[in-house]
Amino acid sequence: MTANGWLQFAVYSMVLLATVKPVGAYMARVLEGESTWLDPVLRPCERLIYKLSGVKSDKEMNWREYAGSLLGFSAVSLLFTYVIERLQAYLPFNPQHLANVGPDLAWNTAASFTTNTNWQSYTPESTMSYLTEMAGLVTHNFYSATIGIVVAVALIRGIKRTRSGVIGNFWVDATRTLLYILVPACILYALALVAMGVPQNMHAYTVAHLLEQPNPAQPALTQTIGQGPVASQEAIKMLGTNGGGFFNANSAHPYENPTPFSNFLEMLSIFIIPAGLTYTLGRMTGSPGHGWAVFAAMFVLFTAGFAVCYWAESHPYNAIHGAAQAGSATAPAGNMEGKEVRFGIAGSSLFATITTDASCGAVNAMHDSFTPLGGMVPLANIMLGEVVFGGVGSGLYGMLIFVVLSVFIAGLMVGRTPEYLGKKIESFDVKMSMLYSLIFPFIILSLTAAFVLSPGIGLSSLNNPGPHGLSEILYAFTSGAGNNGSAFAGLNANTWWYNVMLGWDMLIGRFLMMIPVLALAGNLAQKKSVPPSPGTFPVNTALFAVLLVGTVLILGALTFFPALSLGPVLEHLLLKAGQLF
Amino acid sequence: MHSTAVMNPAQKTQAEASGDVSAGHSVWGTSIRFTIVTVLLLGLGYPFLLTGLAELVFPHRANGSLVVRNGRVIGSELIAQSFTSDRYFHPRPSAAGNGYDATSSGGSNLAQSNAKLAQRIQADIDKLQQQNPGKSVPIDMVTTSGSGLDPDITPDNAYYQASRVARARGLSENAVRVLIARHIEDRTLGLLGEPRVNVLELNLDLDNLSK
């Protein structure tokens with residue numbers, strides 16, 4: 001570890017902190033239907049979209065209608081993307097003449113992008129046409145980010161409203177999120193990325209004649225350079241915590257992430273909306289202190305994750321290449337397998353921590369080649385439910401589930417009915433929260449167990465033997481259910497069984513977890529508000545933040561510790577003893 | 001389900017405006033129409049608008065930062081290409097396709113506990129140390145990058161290769177070291193990332209120095 005590495009973390013944190021209030025306040029304005037400075041341009045577009053889509057923008061929905069619209073829209077757009085993939089060879093904007101995508105891969109990819117996972121079982125630059133990337137996948141980058149945000153906002157409304165049967169209009173929330181937040185931000189951001197070197201064109205791939213031609217008598221050595229409309233995808237990929245790369249190497253690819261500064265921007269754009277949403281929460285519920293307490297709890301977990309990951313990546317094992325590990329002023333010591341020189345150890349560890357704290361899943365280094373403990377950090381981050389800022393929207397509503405559980409636990413301690421911002425937390429609310437918390441480990445652990453026990457189906461895809469093999473499978477299903485999308489990418493997941501079952505893993509991890517959240521929102525909205533009493537546990541204090549961190553860690557640790565101890569922990573102990581596989 | 005809205009007047013929400021619970025949308029109809037409208041907007045309008053803007057403002061970058069020499073594209077300054085002769089600086093080893101395949105980017109994905117990784121790295125180190133006894137090998141020389149297309153090497157790596165390149169070209173080692181020093185790109189703002197040397201740009205300059 002170097003002082004510079006920690007300084008990069010500190011500067012990143014300060015810049016993030018500075019964005020929280022302006023971003024959060026702006027989002028609150030947009031989602032409460034207030035006017036913004038973009039109105040003169042965007043209001044007419046907004047009205048036009050309502051008209052063309054048949055949206056009755058003045059009608060609000062109860063939670064069932066809200067959930068129904070969300071599911072209907074997701075199903076339609078999923079099917080649309082599936083069809084585009086299956087037919088891409090007959091459609092335009094396919095200069096490389098790529099073939100139609102097979103049914104299991106097309107299903108997996110459509111499910112993956114619909115659920116904000118953006119797991120990729122394929123090498124994009126040799127699989128997906130430009131049309132598929134733009135109309136099939138970029139659209140879902142926008143949709144899934146939007147859906148995450150609107151569900152979080154619906155939940156905030158549920159907390160805030162009293163004796164109300166409705167929690168908002170899904171179509172209005174979605175349209176306003178797209179038009180006022182995501183699209184303008186992406187246009188500016190994508191242009192900035194182009195300025196730094198991210199390509200944006202529709203040409204066929206470039207064939208370059210290499211500088212070094214060892215034998216002039218032979219045909220010239222060439223390199224075919226994949227490009228395309230990369231920047232437009234990259235912007236929403238990061239800002240929407242999607243994470244599906246235009247290239248297989250994702251943000252490690254110099255065309256997706258060309259400079260240390262683009263790396264900084266990409267990391268910032270992962271957290272900027274989720275962090276801002278904590279302020280939106282405080283503002284919309286009229287309790288800014290609560291928003292900051294949630295922010296603080298998230299920040300503590302973020303710092304802890306980075307510290308462990310950075311330490312582990314800076315301390316490789318003697319069994320591998322101990323002698324070559326000594327650092328110098330111009331070459332940092334540590335594990336550089338799968339990492340890019342321009343990011344180094346610190347920039348790669350920080351990115352890995354952020355991308356899995358959130359449900360982003362973009363990677364700028366190969367997690368599979370991380371040290372066992374360094375690679376356990378991304379895995380554990382996802383297992384905690386991606387509530388450390390988290391995915392856009394999904395991070396906040398995930399954390400609010402933990403908030404409900406925290407006030408419930410605090411209520412048990414003092415023997416009173418728990419309250420949360422004036423709402424009594426009762427049986428139904430706790431049941432929905434527990435449902436949310438149980439679906440996640442259930443789907444991950446049962447699918448992992450099934451695949452680990454199937455040599456022909458599960459184990460044959462492994463890239464690495466020993467305990468790391470278990471980690472590869474565990475990471476895949478955790479990443480899927482958590483809608484993260486990063487991978488221990490050595491695992492060959494492009495097989496029928498992995499494609500199909502990961503598709504379900506992602507859909508269950510997304511929608512079966514969203515429904516309890518909306519049910520909770522609907523139930524909270526119809527409750528009356530009770531004034532705070534001396535017995536009320538305040539949710540805007542440092543004590544609350546500590547309790548929240550404790551709840552997240554205890555729930556996550558109790559659930560997943562056995563699996564982690566057989567994977568990364570065991571691998572670490574054996575590797576320390578010099579054991580290779 | 002619906003109860004009359006009794007709301008704090010300070011709370012301005014859309015619920016106030018709406019007395020009716022049923023939004024009256026057809027889920028499928030609205031979903032299909034909304035999908036069509038937004039696909040046109042986000043799936044075609046947005047990327048094509050950006051392509052136009054990028055082409056206008058940053059044409060070199062938008063087209064992949066290609067390097068043209070004698071009217072011919074010889075590569076991209078952002079993408080590593082293969083160099084094997086002693087006359088050139090070598091990029092990091094590549095796990096992209098069969099090496100430096102810019103249509104199949106990616107890393108080795110070998111675990112730290114995988115004996116294959118340890119053997120590969122040790123074999124590379126042994127080879128380098130035979131050629132340059134006593135010099136410690138910079139780690140980026142023997143590890144594959146995440147993309148397999150890492151255009152950069154560390155300054156240590158470049159200096160390590162200086163004597164070989166100088167010998168092969170009949171240059172003084174000092175001249176080559178001066179060239180390397182000119183090509184070191186420091187951390188952005190002295191803070192972000194790591195110091196690095198772009199291999200293709202260094203090699204192009206090397207050709208300017210001696211054909």
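Domain bounds, as used on this tour, come from an automatic or database domain assignment, and the model you have open is a predicted one.

Begin by selecting chain B, which is divided into domain 1, covering 23-63, and domain 2, covering 80-210. If you mark the centre of each of these two domains of chain B, taken over C-alpha atoms, you will find that 41 Å separate them.

Next, stay in chain B and select helix α6, which is made of residues 173-183, and colour V176(B), L179(B) and I180(B), which are buried. Now turn the view until you look down the axis of α6(B): the buried residues fall within an arc of 100 degrees, so they line one face of the helix. On the other side of α6(B) you can pick out N174(B), V178(B), A181(B) and R182(B), which are exposed. To see what covers the buried residues of α6(B), add the surrounding elements of chain B, including α5 (155-169), β4 (184-185), β5 (196-198) and α7 (199-209).

Then move to chain A and select helix α12 (residues 372-383) together with helix α15 (residues 467-481), whose axes come within 9 Å and cross at roughly 35 degrees. As you rotate the pair, notice that α12(A) passes α15(A) in a left-handed crossing. Which residues make the contact between α12(A) and α15(A)? From α12(A), show G375(A), L379(A), I382(A) and M383(A), and from α15(A), show S471(A), Y475(A), T478(A) and S479(A). Colouring the residues of this contact by character, you will find that they divide into 4 nonpolar, 4 polar and no charged.

Terms used
Residues numbered from 1 in each chain as written. Chains lettered and ligands numbered in written order. Predicted model: local features only at pLDDT ≥ 70, side-chain atom pairs only at ≥ 80, totals over all residues. Axes fitted to C-alpha atoms, helices over the stretch in contact; angles between N-to-C directions. Helix = DSSP H or I, 4+ residues; strand = E, 2+ residues; numbered from the N terminus. Left-handed = near helix turned anticlockwise from the far one by under 90°. Contact = placed C-beta atoms within 7 Å. Nonpolar A, V, L, I, M, F, W, Y, C, P; charged D, E, K, R; others polar. Buried ≥ 20, exposed ≤ 12 C-beta atoms within 10 Å, placed from the backbone. Arc of directions from axis to C-beta.
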